[in-house]
Amino acid sequence: MTASYVSEIEAGQRFEFGKNWQGFLSLIDESRIRIAEDATRAMLGGSSLEGKTFLDIGSGSGLFSLAALRLGAALVRSFDFDPHSVECTRALKQRFFSSCANWTIEQGSALDADYLKSLGQFDVVYSWGVLHHTGNMWQALQNVVSLVAPNGLLFISIYNHQPFMTPYWKVIKRIYNRLPRLGRFAMGVSFFLSFATGFLFVDLIRRRNPLRRWAGHDRRGMSMYVDVHDWIGGYPFEVATPEEIFHFYRDRGFSLRELKTCGGKSGCNQFVFVRNVKPSEVDKSVVDQSCAA
């Protein structure tokens with residue numbers, strides 16, 4: 001556990017994402033894994049990960065690293081700044097792919113240029129809801145560019161900018177992280193009940209089965225309870241418009257392949273970019289055998 005991580009937690013400047021993910025591990029089952037696989041496959045336009053190398057930046061629970069292996073990735077490398085998230089990912093690997101040499105997990109930062117240089121390049125670079133929590137989002141967005149192999153894919157999601165709600169949520173997140181443990185618990189429960197009631201009302205109005213949301217069908221296999229606490233506490237907190245992200249990567253030689261916005265609401269916009277460079281020799285160091293569950 002790095003000194004900077006500890007000092008930021010003690011100062012109320014960072015949410016302990018990994019401790020939140022620890023409560024999610026027991027919920028991961030075959031159904032949620034399949035939902036995560038389907039969500040990944042859908043955003044990648046049905047592209048197969050068979051034989052591909054996959055980098056998971058900010059692996060969190062490890063669910064999508066696991067999904068990548070199940071979708072045929074030949075090599076998966078996962079890292080997270082939060083040591084508890086690293087523990088979660090390792091626990092998930094031990095549970096589902098304990099003997100897999102093709103899945104490596106470690107602690108690292110998307111802001112550590114020297115560390116990132118040591119990783120090499122990957123066919124798919126994945127970072128869902130992570131780079132806006134680094135404390136320097138635009139630098140993190142820049143840092144991942146060199147990790148994408150020639151003609152490789154960059155799959156990211158970034159919080160949507162809202163003129164009025166963004167400042168509100170930033171204040172809420174700051175307050176949450178500065179409260180003592182009991183205060184954070186009370187605040188988290190109150191917001192969860194508010195969100196859950198609103199979601200239930202919307203589902204009933206639209207004649208949708210509310211249980212689908214709880215089972216993760218509308219949340220990429222994730223847990224609504226964990227996601228709400230992640231949203232309330234998620235700090236550092238930065239945002240961008242879809243246009244800002246598009247222009248940023250267009251100017252760095254990427255083309256937008258897939259886009260899924262949150263419709264102007266609070267939440268994440270999802271992007272899949274392809275790196276437009278000519279094929280070249282790239283040492284992927286891929287092992288010969290793929291993992292078996």
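# Report on selected local features of the predicted model

Cysteine 268 is buried, since its relative accessible area is 15%. In this report, buried denotes under 20% relative accessible area, exposed denotes over 50%, and partly exposed covers the values in between (1.4 Å probe, protein chains only). The structure is a predicted model, in which local features need pLDDT of at least 70 and side-chain atom pairs count only at pLDDT 80 or more, while totals for chains, interfaces and linings use all residues. Residues are numbered from 1 along each chain as its sequence is written, and side-chain values use heavy atoms, with hydrogens and water left out.

## Two buried residues and their distances

Cysteine 268 belongs to strand β7, which covers residues 268-275. Helices (H or I, at least four residues) and strands (E, at least two) are DSSP runs numbered from the N terminus. Between the C-alpha atoms of cysteine 268 and isoleucine 232 there is a separation of 14 Å, with the two positions 36 residues apart along the chain.

Leucine 69 is a further buried position, with a relative accessible area of 7%. Helix α4 contains leucine 69. The C-alpha atom of leucine 69 lies 29 Å from that of arginine 252, and the two residues are 183 apart along the chain.

## Backbone geometry

Most residues other than glycine have a negative phi, and most peptide bonds are trans. Three sites are described here against that background.

Asparagine 151 is not a glycine, yet its phi is positive, at about 65°. The residue sits within strand β5, which spans residues 148-159. Its side of the surface is described by a relative accessibility of 42%, so asparagine 151 counts as partly exposed.

Arginine 207 likewise has a positive phi, of about 60°, although it is not a glycine. Here the setting is a loop, the one between α9 and α10 (210-214). Arginine 207 is exposed, because its relative accessible area is 81%.

The third site is a peptide bond: the one from tyrosine 235 to proline 236 is cis, and its omega is near 5°. Proline 236 is placed in the loop between α11 and α12 (242-250).

## A nonpolar surface patch

On the surface, Phe164, Met165 and Tyr168 make up a nonpolar patch, and together they have about 350 Å² of accessible area. Patches consist of residues with over 30% relative accessible area and no salt bridge, with nonpolar side chains (Val, Leu, Ile, Met, Phe, Trp, Tyr) joined within 5 Å and like charges within 9 Å. The areas come from the Shrake-Rupley method with a 1.4 Å probe; for residues, only the protein chains shown count as cover. Within the patch, methionine 165 is located in helix α8. With a relative accessible area of 34%, methionine 165 is partly exposed.

## Salt bridges

Nine salt bridges are present in the structure. A salt bridge here is a side-chain nitrogen of Lys or Arg within 4 Å of a carboxyl oxygen of Asp or Glu.

One of them joins arginine 77 and glutamate 106, whose closest N and O atoms are 2.7 Å apart. Because arginine 77 lies in strand β2 (residues 75-80) and glutamate 106 in strand β3 (residues 103-107), this pair ties together parts that are 29 residues apart in sequence.

Another salt bridge is formed by the side chains of arginine 70 and glutamate 30, with an N to O distance of 2.4 Å. This pair links distant parts of the chain, since arginine 70 belongs to helix α4 (residues 63-70) and glutamate 30 to helix α3 (residues 30-43), 40 residues apart.

The side chains of arginine 250 and aspartate 251 also meet in a salt bridge, at 3.3 Å from N to O. The table gives the accessibility of the partners in these last two pairs.

| Residue | Relative accessible area | Class |
|---|---|---|
| Arginine 70 | 30% | partly exposed |
| Glutamate 30 | 38% | partly exposed |
| Arginine 250 | 43% | partly exposed |
| Aspartate 251 | 54% | exposed |

Shared partners also connect individual bridges: Glu30, Arg34, Glu37 and Arg70 are joined by salt bridges into one network. Arginine 70 and glutamate 30 are thus described both as a pair and as members of this network.
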